[in-house]
Amino acid sequence: MARARRNMSYRLTGLHDRRSRDLSFNAEVVEVEIDNPLALDRDEKIVAMRSIRNDPLGRLHSHHQIDEAQYRGGRAYQNDWERAERGPQAMDPTREYVDGAAFREPMTDSQRQAVLRLNRVEHELGTDGAALVHDVLVHGLTMDQIGQRRAVRTQRWNDYFARRFRECLDRLALVYGFATDTTARRR
């Protein structure tokens, strides 16, 4: 009997569970399946934890309130916004000082393409839809916070903003090529 127990424990040592059990009290995470970066086989997947605390798009996707095409369209919008953004930049001490004039670096081609796509998105969504998408995907606001910013605080308005946001995600999926017009109509 002792020998069988020893053999069973020996066989279980080959399994490795690398998932962290140490989560902070306010952590909001979900398990997602991603490509294994250390795999020899191209299709091998591993399970990882993704934080959804400050990610409204990830939260909607993990709760199956939006589909994969809407999720990817939202992520593409966020990627374009980050690429096109040219906010305040830190001073570079390695550059030569010339009368305090700070020349901005020229726009790269990828920034230019991102701006063009964002202009097309704004044209497709309209002013209100583009503002709603920007508030949720860039600023990370909830529907309740959007209602407070627009001075409408009822549940009916929150439901309207949520429905309108999903419509905008449908349009983003179309613009970025993650869905076709027929799949958007089925939804």
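**Exercise 1. State which residues N36 is in contact with, leaving aside its neighbours within four places in sequence.**

Solution. Contact means heavy atoms within 4.5 Å. Leaving aside neighbours within four places in sequence, N36 is in contact with E44, K45 and I46. The next step is to place N36: this residue is found in the loop between β1 (29–35) and β2. Helices (H or I, at least four residues) and strands (E, at least two) are DSSP runs, numbered from the N terminus. The last step is accessibility. Buried means under 20% relative accessible area, exposed over 50%, and partly exposed in between, with a 1.4 Å probe and protein chains only. N36 has 18% relative accessibility and therefore counts as buried.

The model is predicted, so local features need pLDDT of at least 70 and side-chain atom pairs count only at pLDDT 80 or more, while totals for chains, interfaces and linings use all residues. Residues are numbered from 1 along each chain as its sequence is written, and side-chain values use heavy atoms, with hydrogens and water left out.

**Exercise 2. Describe the chain as a whole: its helices and strands, their order, and its buried share.**

Solution. The chain contains 7 helices and 2 strands. Along the sequence, these elements follow the pattern α-β-β-α-α-α-α-α-α. Of the 187 residues in the chain, 29% are buried. Among contacts between residues at least 6 apart in sequence, 48% join residues at least 24 apart.

**Exercise 3. Identify the residues with the most contacts inside the largest nonpolar core, and the helices that supply this core.**

Solution. A nonpolar core is a set of buried Ala, Val, Leu, Ile, Met, Phe, Trp, Tyr and Cys residues joined through side-chain atoms within 4.5 Å. The largest one has 27 residues, and Y77, V133, L137, F165 and L172 have the most contacts inside it. At least two residues of this core come from each of α2 (56–62), α3 (68–84), α4 (109–137), α5 (143–149) and α6 (155–175). The helix that gives the most is α4, with 8 residues. As a worked case, take L137: not counting residues up to four places away in sequence, L137 touches L57, G74, Y77, Q78, F165 and L172.

**Exercise 4. Compare the span of α3 with its expected span, and find what its buried residues pack against.**

Solution. The expected span of a helix is 1.5 Å times one less than its number of residues. For the 17 residues of α3 this gives 24 Å, and the end C-alpha atoms are 24 Å apart, so the two values agree. The buried residues of α3 include Y71, G74, Y77 and D80. The buried residues of this helix pack against β2 (45–51), α2, α4 and α6.

**Exercise 5. Classify the aromatic pairs that W157 forms with Y160 and with F161.**

Solution. Rings of Phe, Tyr and Trp (its six-membered ring) pair if their centres lie within 6.5 Å; planes under 30 degrees apart count as stacked, over 60 as edge-to-face and the rest as tilted. This rule gives 3 aromatic pairs. W157 and Y160 are edge-to-face, at 5.7 Å centre to centre with 90° between the planes. These two residues are 3 residues apart in helix α6, so about one helical turn separates them. The rings of W157 and F161 have centres 5.8 Å apart and planes at 35°, so that pair is tilted. W157 and F161 lie 4 residues apart in helix α6, about one turn. An α-helix has 3.6 residues a turn, so residues three or four places apart point the same way. W157, at 39% relative accessibility, counts as partly exposed, whereas F161 is buried at 2%. W157, Y160 and F161 form one aromatic cluster.
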